[in-house]
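Please open the model in the viewer and keep the sequence panel visible. The stops below are given in the order in which they may be selected.

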Amino acid sequence: MWNCWIVQRQLLSSGIHLLHSSVSCWNKGQTLLSTRLLFFCYRNSLESRKEFWKTTMQSDPAKRDDDDQTESVVGLNEYLRMTEEERQKLPKARQKKLAKLALKEEKKAVKAQVKLADNETETTNKKQAMKPNKVVSQEEMTIGHFVPGQKKDTCNPFPPAYQPKLVESGWYEWWEAQDYFHVDNSVIDWSKYKGKFVMVIPPPNVTGSLHIGHALTIAIEDALARWYRMSGYLTLWVPGTDHAGIATQSVVEKKIFREYGKTRHDLGREQFVEQVWKWKHNYGDRICNQLRRMGCSVDWKREQFTLSNRLSQAVVEAFVRLDELGLVYRGTRLVNWSCHLCTALSDIEVEYMDITKPLKRKVPGHNNEVEFGWLTKFAYPVEEDSGELGERLIVATTRLETMLGDVAVAVHPRDPRYASFIGKHVIHPFLPRKLPIIADEELVDMEFGTGVVKITPAHDPNDFLCGQRHQLENISVFTDDGRINENGGPFKGMMRYDARVAIERALEEKGLFYGKEENQMRLALCSRSGDIIEPMLKPQWYIRCSEMAMKAKDKTLSGELKIVPEFHQQTWFHWLDNIRDWCVSRQLWWGHRIPAYQVLSKTEESNRNVVEERWIVGRNEEEAKKKASEKFNIPLESIILKQDEDVLDTWFSSGLFPFSVFGWPNKEERDLQQFYPTTLLETGHDILFFWVARMVMLGLTLTGELPFSTVYLHAMIRDKYGRKMSKSLGNVIDPLEVVDGATLEQLHKKLEAGNLDPKEVKRAMEGQKQEYPQGIPECGSDALRYGLLAYTIQGRDINLDVNRVAAYRNFCNKLWNATRFAILNLGESFRYDENGLSVVLHGGNEYIIDKWILSRLNDTIIRTNKAFEEYRFADAVQSTYCFWLYELCDVYLEALKPKMNSKDESRKYPSQCVLFQCLHTGLRLIHPLMPFVSEELYQRLPGRQEYENIESITIAPYPVAQSMWHDALAEEYVAFAQKIVKALRNLRAMYDVKRQSRPEMFLRVRDTQSLELGEATRDIIQTLALASTLHILAVFRDDSIPAGCAIQVVDDSCEVYLLLKGLVDFDAEYKKLEAKSQEKRLQVQAYQQKIQAPGYEKVPQEVKRRNEEYLVKYEQELSVIEEARKRFEQLLRES
């Protein structure tokens, strides 16, 4: 039953060439057995290495194929998963055969689909487990029979194959209509609940659609919400979206310019904001649709938007209160400035590109590409005491245009080369400006470059600090849109990078240019526009953070705030210890306008420039006037207020989200009283500081409480090569493209419809073509969620292979088929009774396998619950996967078949009750991970509604451990049986005994304990090993083994035998293997002679490598043949 493809994966090279040999034998008409024995070593690993296989599957269960009966080293299923390059490595004959089979299977699948769609006849065939007298239309079989909002009809025929669209359609609309996820705060009976679990969703940007990283967030949070809800906790998960100031404004600005050729300034603020709201209403529901498709069990009646009236009032109140606490101030500092968007950016909106060699790049606002990666040297002439120009000081810069804002040059105070220059001045070559030569040991490294540094405080963070130390003037040389301003002399009006070229040319003309050299550097880029970030001095609003940060740190040290995984605490403390004041101003129109007002009086209005800048913060203009009158001693009637044009950083409103969604600052709000503080905050570790820290600081400051007690941080998703997800690389995937599948053409069209540069579109298309040559296969939401959760075992980063995630659809198919088979064996009239289970629990050895599966189920319950409690989602996937696949399907259902085929209903019924309990419990166990397929199958369980009065698995109780199910003795018995079955299957594989063959088998034991175990599990072993009869023999009884048996030692207590006599011509097969051995030995000797020949060291390395590969290949093949030959030699002697 174990797939052969794992062998091909482990021993690809030798396996391929061995397969080639076997095909050659086949073509020559030789008897099959000797050929098949060439695969002995590989076949051997199928059974003898089952434990290795299970261990591998625990870390990567997606590798398990749904086809358990592959007959060759490279079967059809494996061939279909191969890339074209891998297929080319197969022998030509095998390629041709598999290609034909693939085409044939494709035609079969099409015919089956048509037949399925056209099936409108009644059937009572038990094998299909269908209800009688039910006619299924083509539409019903295609999309499922349901009316949106009403419960799906599961009385229709059980589809023979798992179809994600059919299974997942209809359920969410019904769940939502039934209010399963809604909490009515007016009728809460807390005595019914173990406690509460409250969580807010990290609000995704309303700008567009979710990506695969969001899908991981949803999978984790929904799994937790469903688990807590089923475990008896009042569970509230609040959804919402973020207005995403800069991202949304950027998208709408591009749209308006593309469609109308106008800028936002052409429209004016009011009309532009109106356009943004229209865009939000038209496209904002895309994210909500994605959340629903992913099964997100949020309370939609509490959905919030950060720019709604309710949350906007909270934002104003929060800013005013922070100001009243003395935490808000206005200051002029360097900010990350986007000249293209004309706004300051937060650090998270800045991306970095490392440049190792010069490159040209398109910069918004410039017609020509700009070259980066050069260090330009030029000289400043030194003014002597006489006033004449003397020596020159050479400086170097990567941003030559900033020399227009230079106000000094610095040297190290202990550098003897320049000691005599300190205190003198250099003359600016283009401006009437003298620059002092200053000494600064913090900024200048006298071992680096010339030891002279130009100082531009208005455009460099280090220079800014140096300027403050030496009281230097700040001269800004750029306009907001990146042109040279009036301080740039003859270069005024030029775009900054055009000025760079012009300045270099002008320096050359003056003889002050000293050349350029390549320089590795880091470019700061605007993540929204691709613009080069310019450090700019701007008056902005800031929030003092040091005191708030220390409170947050104390809460963590005291254990009141827990961060999971713990290794993120180091980063958390580092950020809090080194926190800087938070710049909350953004020069945008879309967002929360800052509730700050410039204060003027009527007598001063006509001459504002002479008035010292005065600002006041207020909830509204009326309050602001009163505050201004008191603070600045101006008569109320004389005050004129002008509100700041800027808006608040998006992270400010997001930082209030855990309490603003519940009605803060209104303390009378019932939601705020009952659901705040929340329980958990789950998000990616990349926004630990930008969002999590700010929520904690604002929550403690404004509400006096932590907004949540636990923070769970998941890993960041990268592509399978470890690259960051980027639209320009073509590796950004919409979750629905995995859920529904997407052709390569569809992926390309999506890129073309976006805002990427044509060159980036071409590059992204090439990436998609390489990664998804056949597109993305449909796998459904359940498989996507399950696969993503399996990846959470990785640390800080997840290298995601979408094809591996899609492979989890095979597991969904296994789940579907197993349940369908089980329901078939239960029958439509089956009704569960606890007495049936009691018969098993108190029964004897005839129910060993039933006791064993209940014990394994109990262990799975314990491990899965513990995994959820400890946020180990990959462990929850592993435990449920192993139970369903390795224990329920591979062992229990197989072992149960003889009993299910029995006519003795009284003997069958207790086992049917166990089977029902396994399905009923197993589906509830997996529901938080796979909500759709578990609901579909749960609703189809026969007699379930008579057993329990529960409408949906969503509100069914989550399984808890049952101590009476644990049975160590049954586990010992079945473990013994599995050990014997493994050895017998290994023998079958060695000698290629077909599945339909039922040979006699023997178990020979050496002690009474093994004899007892063997006798107790005889039926299990006989069934699972596919034996006609299992004879149990004992050494101490002198029981003899018939001639013509193959032997496999199990351990020191027993061995197994497989009777081959009558199945195989030992003599003929031995002679064929002997001939093969001689042929292969000659090939090995030929390559050994090549390698040992004189002068071989002169042979090209590629030839040497190829010769060594062939030698290893032929030696491996010889080893396989020799092992098979020795076994037949032994069988000949025994016969």
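Select isoleucine 543 first, then tryptophan 582 in strand E20, which is its bridge partner. Strands, such as E20, are DSSP runs of E with at least two residues, helices are runs of H or I with at least four residues, and both are numbered from the N terminus. The model is predicted, so that local features need pLDDT of at least 70 and side-chain atom pairs count only at pLDDT 80 or more, while totals for chains, interfaces and linings use all residues. Residues are numbered from 1 along each chain as its sequence is written, and side-chain values use heavy atoms, with hydrogens and water left out.

**The four-stranded sheet**

Now select strand E18 (residues 534–543) together with E20; the two run antiparallel and are joined by two bridges. Two strands are said to pair if DSSP finds at least two bridges between them. Extend the selection to the open sheet of four strands, whose order is E6-E5-E18-E20 with antiparallel pairing. Its edges are strand E6 (343–345) and strand E20 (582–583), each of which pairs on one side only.

Next, select strand E5 (residues 328–338), which is joined to E18 by 10 bridges in an antiparallel arrangement. E5 is also joined to E6, again antiparallel, by three bridges. Which residues does tryptophan 337 face in E18 and in E6? Its bridge partner in E18 is glutamate 534, and in E6 tryptophan 337 stands opposite alanine 344.

**The hairpin and its cysteine**

Move to the hairpin of E5 and E6, where four residues lie between the strands and cysteine 342 takes a positive phi near 55 degrees. Cysteine 342 has a relative accessible area of 22% and is therefore partly exposed; the classes are buried under 20%, exposed over 50% and partly exposed in between, with a 1.4 Å probe and protein chains only. Why does cysteine 342 form no bond with cysteine 339? The sulfur of cysteine 339 is the closest cysteine sulfur, but it lies 7.3 Å away, too far for a bond. A disulfide is taken as a pair of cysteine sulfur atoms within 2.5 Å, and by this rule the count is zero. For another cysteine, select cysteine 155, which counts as partly exposed because its relative accessibility is 44%.

**The three-stranded sheet**

Select E22, E23 and E24, an open antiparallel sheet in the order E23-E22-E24. Strand E23 (615–617) and strand E24 (639–643) are the edge strands, each pairing on one side only. Neighbouring strands of this sheet are turned by 40 degrees against each other on average, direction ignored. Strand E22 (residues 596–601) pairs with E23 in the antiparallel sense over three bridges, and alanine 596 stands opposite valine 617 in E23. Add helix H22 (residues 621–632), which lies across E22, E23 and E24 and runs at about 130 degrees to E23. Axes here are lines fitted to C-alpha atoms, for helices over the stretch in contact, with angles from 0 to 180 degrees between N-to-C directions; contact means heavy atoms within 4.5 Å.

**A threonine in a loop**

Finally, select threonine 792, in the loop between helix H30 (780–790) and strand E29 (797–800). Is this threonine 792 buried or exposed? Threonine 792 counts as buried because its relative accessibility is 16%. Its side chain reaches the backbone oxygen of leucine 789 at 2.6 Å and the backbone nitrogen of alanine 874 at 3.2 Å. Leaving aside residues up to four places away in sequence, threonine 792 touches Leu216, Ile220, Ile798, Phe873 and Ala874.

Methods
Polar contact = N/O pair within 3.5 Å; in protein donor to acceptor, adjacent residues only side chain to side chain.
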